[in-house]
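Reader: Please take a close look at one helix in this model and go through its surroundings. I would like the cut-offs stated along with the values.

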Amino acid sequence: MEDITVYSAAQVHTMDPGRPQASAVAVSGGKIVSVGSIESMQPWLRRYPYSIDDRYRDKVLMPGFIDPHTHLRLSGTYMGLDYLGPIDSAAPGGIRKGLPNRDAVLNQLRALVAEHDDPNIPITAWGYDPASQAGHLDRDMLDQISDSVPIWVIAYAPHIVYANTPMIEMIGVNDDSVGHGIGRYPDGRLNGWFVETEATALAARPVAKQVYGPNAGRAAIDRMGAVAKGAGVTTTADLVWGMADGFEPEWNDHVSAISEGTFPLRIFMIPFEPKLVKEFGSEMLQFLESKRAEGNDRLNTHGVKYVNDGSYPSMTLVMNEPGYLDEDGAHTGEVPWEDMVDRMLPFWKAGVQIHSHANGDRTLDMTLDTLESLQRIHPRFDHRFTIEHYCISSPAQARRLAALGGQASVNIYFVHFRAQLHSEHGFGPDRSEATARLGSLQRAGAPFALHSDFNLVVTPLSPLLAAWCAVNRLGADGETVMAPGERISVDSALRAITIDAAYILNRDDRLGSIEVGKHADFTILNDDPYEVAAEKIKDIEVHDTVLEGEPTN
Ligand SMILES: [Zn+2]
């Protein structure tokens, strides 16, 4: 055995229900050797060389936080740009303040123009949210800010780019251009909008070097790794492996970031099924098998991912009756729903864990029907079929999910950041208030975790803030409790960012709690989330993380 290091702490919350608290953890070779007190671990310390590291003696030590659904590689590119979003957002250099409305955004752009010296280089910004920042930007509005410096703004969920006149000229389109997604005013003039894949790609061409330069993948991973670490995360999963640059380049970016020590996380790469099928066809299972053999507990492939409706903030999820308040923007994903059983069956039979995105309750019905069909064709135990997001649901759906042996990885942040907004926009009061029904999942006995989906939707990346949302369910007004019966206890919420999140990724045998034999990953806090008032959990500062037994700060 390598030399033992004993970390002492003011309090250790192990998340092992049998031995919930401790004052010291002994680690060796990246694994936990003993948990308890310096006295209790003497049988080890008498036999092997050890040192006591008391740097955390007045801190609270928890298992490393797990965010089981992020998109670091795909979305980290935007983190290098100026931020215009509505909520406070983590960045490598610290928190960037949210801007409450469109006027604040325009003022911020005005300030950026004032300090911008080269009119040939566009101002590039990300994070605009037309739903919560009071309407879209457009060309005339941005021309008021500057008619000489090109301005390029991409929305938070990257569905739309806004441009002013000099930027439109740089993109190379004019009033006569034809193309899907190029927006126009009623009089036919270009309005500076570039909407969805084809048009946003066109709009991105002149800023490609700035936004997606040759080292953009590595830069994105390094940036997002720093952000996640700052929030106390030690493990995450990328839920669209293959979508940004392709399977091998994305994998290799992570290999290099880990080997060069710039990525202080474990990461599981979950392949996006349509890309996997397209690239590997009948060889897809062999490809995953070969990557599993190449990987380890620091970087590995896990499961398979399906996206079967749109997003909550963009109001493109698929709902049951009575549906949307106004027009329906529903989007059903790339795999036709009638093909779902056939598409999932090879993975199901091979024992590959399925992660299936369902934001709306109609999508959830379809997904539960699919799971039931898979069970009829080829019954399985402990399959850990996971509903990703689980935004709009009913108590009956929670019970059916539990009956089918499924589980949920839930985006809880929307309860605070968006549910009140969507009472009036899109979903109506009932479904908005009851977004993310954790209480129902718990009553039904369905396992669940909390995730951020950072940063493809308008949420921060902060497991403690997620836990705060789950415990308090306070709306954006800071007062209204949203569906009080869906709140959960502090302990359940902390489980959902540690051991239960490990369960969702099928790694609870190795990660998620402080137990002998597990990986020595810890999150070090300045205060105790079990002791502070419930409404203060989000304010607890993360002091450090420990990965494989080594402090990362
Ligand atoms: Zn996602």
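Author: The answer below goes from the helix to the loop after it, then to a neighbouring loop and the wider domain layout.

The model is predicted, and local features are reported only at pLDDT of at least 70, side-chain atom pairs only at pLDDT 80 or more, while totals for chains, interfaces and linings use all residues. Residue numbers start from 1 along each chain as its sequence is written.

Helix H13 runs over residues 361-377. Helices (H or I, at least four residues) and strands (E, at least two) are DSSP runs, numbered from the N terminus. The end C-alpha atoms of H13 are 24 Å apart, which agrees with the 24 Å that its 17 residues should span. The expected span is 1.5 Å times one less than the number of residues.

The buried residues of H13 are Asp361, Arg362, Thr363, Leu364, Met366, Thr367, Leu368, Thr370, Leu371 and Leu374. Buried here requires 20 or more other C-beta atoms within 10 Å of a residue's own, exposed 12 or fewer, and partly exposed a count in between, with C-beta atoms placed from the backbone. An α-helix has 3.6 residues a turn, so residues three or four places apart point the same way.

Four elements pack against the buried residues of H13: helix H12 (340-350), strand S19 (354-358), strand S20 (386-389) and helix H14 (395-403). Contact means that two C-beta atoms, placed from the backbone, lie within 7 Å.

The loop between H13 and S20 holds arginine 384. Arginine 384 is not a glycine, yet has a positive phi of about 55 degrees. Arginine 384 counts as partly exposed because it has 18 C-beta neighbours inside 10 Å.

H12, one of the packing partners, is itself preceded by a loop from strand S18 (304-307), in which proline 322 is placed. The peptide bond from glutamate 321 to proline 322 is cis, with omega near 0 degrees.

As for the domains, domain 2 covers 67-71 + 215-511, domain 1 covers 1-64 + 513-553, and domain 3 covers 99-212. These bounds come from an automatic or database domain assignment. Between domain 2 and domain 3 the C-alpha centres lie 31 Å apart. In domain 2, 9 residues are in contact with 7 residues of domain 3. The domain 2 side of this contact has 6 nonpolar, 3 polar and no charged residues. In that classification Ala, Val, Leu, Ile, Met, Phe, Trp, Tyr, Cys and Pro are nonpolar, Asp, Glu, Lys and Arg charged, and the others, Gly among them, polar.
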